[in-house]
Amino acid sequence: MSLLLPIQTSPDFTPRESVSTPERLISGSPAFKTWPLDTSRNGNVRTGVWEATPGTTKSIKGEAFEFCHILEGLVRITENEGESYLFKAGDSFIMKPDFVGTWETIETVKKIYVFVE
């Protein structure tokens, strides 16, 4: 098994589809697609591609750390009682453990993620 994994930004398999849970939904009716690409360290590190349609949800990281790289679209992320940031294609960011805020998908967004618990 290779220890080098190229990330396919348009995976050729069917994604897992979901919608926001009622307790996290703020506005709209965003739908999500997830293409899991790799899991390691007993499932504590996950990498993949994720897509969301417009809408606003609560984002709560808990103990998790997440790196994101935006491939397409536009999103506004606002920390509770904090700053608001716009991210577009080509931008990267990190949401650290204990992050709480809102995720507003303005234009359908597609990202690469690395999620560490």
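Buried residues, meaning those under 20% relative accessible area (exposed is over 50%, partly exposed in between, with a 1.4 Å probe and protein chains only), make up 34% of the 117 residues in the chain. The model is predicted: local features need pLDDT of at least 70, side-chain atom pairs count only at pLDDT 80 or more, and totals for chains, interfaces and linings use all residues. Residues are numbered from 1 along each chain as its sequence is written, and side-chain values use heavy atoms, with hydrogens and water left out.

**Overall architecture**

- The chain contains 0 helices and 9 strands, where helices (H or I, at least four residues) and strands (E, at least two) are DSSP runs numbered from the N terminus.
- Its pattern along the sequence reads β-β-β-β-β-β-β-β-β.
- The radius of gyration of the chain is 14 Å, close to the 13 Å that the globule rule gives for 117 residues, so the chain is as compact as a globular protein of that length. This radius is taken over C-alpha atoms, and the globule rule is 2.2 Å times the number of residues to the power 0.38.
- The C-alpha trace spans about 45 × 30 × 30 Å along its principal axes.
- Of the contacts (heavy atoms within 4.5 Å) between residues at least 6 apart in sequence, 65% join residues at least 24 apart.

**Surface**

- About 7300 Å² of the chain is exposed, and carbon and sulfur atoms supply 53% of that area. Accessible areas come from the Shrake-Rupley method with a 1.4 Å probe; for residues, only the protein chains shown count as cover.
- A nonpolar surface patch is formed by Phe65, Phe67 and Ile94, which together have about 240 Å² of accessible area. Patches are made of residues with over 30% relative accessible area and no salt bridge, with like charges joined within 9 Å and nonpolar side chains (Val, Leu, Ile, Met, Phe, Trp, Tyr) within 5 Å.
- Within this patch, Ile94 belongs to strand β8 (residues 92-95) and is partly exposed, with a relative accessible area of 48%.

**Salt bridges**

- Side chains of opposite charge can pair when their charged atoms come close.
- The whole structure holds 5 salt bridges, each defined as a side-chain nitrogen of Lys or Arg within 4 Å of a carboxyl oxygen of Asp or Glu.
- Arg46 and Glu117 are joined by a salt bridge at 2.7 Å, N to O. This pair links distant parts of the chain, with Arg46 in strand β4 (residues 45-52) and Glu117 in the segment after β9 (100-116), 71 residues apart. Arg46 is partly exposed at 29% relative accessibility, whereas Glu117 is exposed at 53%.
- Glu104 and Arg76 form another salt bridge, with the closest N and O atoms 2.9 Å apart. Here too distant parts of the chain are linked: Glu104 lies in strand β9 and Arg76 in strand β6 (residues 65-79), 28 residues apart. Glu104 is partly exposed at 26% relative accessibility, and Arg76 is partly exposed at 29%.
- Glu66 and Lys61 meet through their side chains at 2.6 Å, N to O, in a salt bridge, and both residues are buried. A network of salt bridges links Lys61, Glu66 and Lys111.

**Aromatic residues**

- The structure contains 5 aromatic pairs. Rings of Phe, Tyr and Trp (its six-membered ring) pair if their centres lie within 6.5 Å; planes under 30 degrees apart count as stacked, over 60 as edge-to-face and the rest as tilted.
- The Tyr85 and Phe87 rings have centres 6.2 Å apart and planes at 20°, so this pair is stacked. Tyr85 is partly exposed at 36% relative accessibility, while Phe87 is buried at 13%.
- The Phe93 and Trp103 rings have centres 6.2 Å apart and planes at 50°, so this pair is tilted. The pair links distant parts of the chain, Phe93 in strand β8 and Trp103 in strand β9, 10 residues apart. Phe93 is buried at 9% relative accessibility, and Trp103 is buried at 6%.
- One aromatic cluster comprises Phe32, Trp50, Tyr85, Phe87, Phe93 and Trp103.

**The loop at Gly62**

- Gly62 is located in the loop between β5 (55-60) and β6, and is partly exposed with a relative accessible area of 31%.
- Leaving aside neighbours within four places in sequence, Gly62 is in contact with Pro97, Asp98 and Phe99.
- Gly62 and Glu117 are 55 residues apart in sequence, and their C-alpha atoms are 8.9 Å apart in space.
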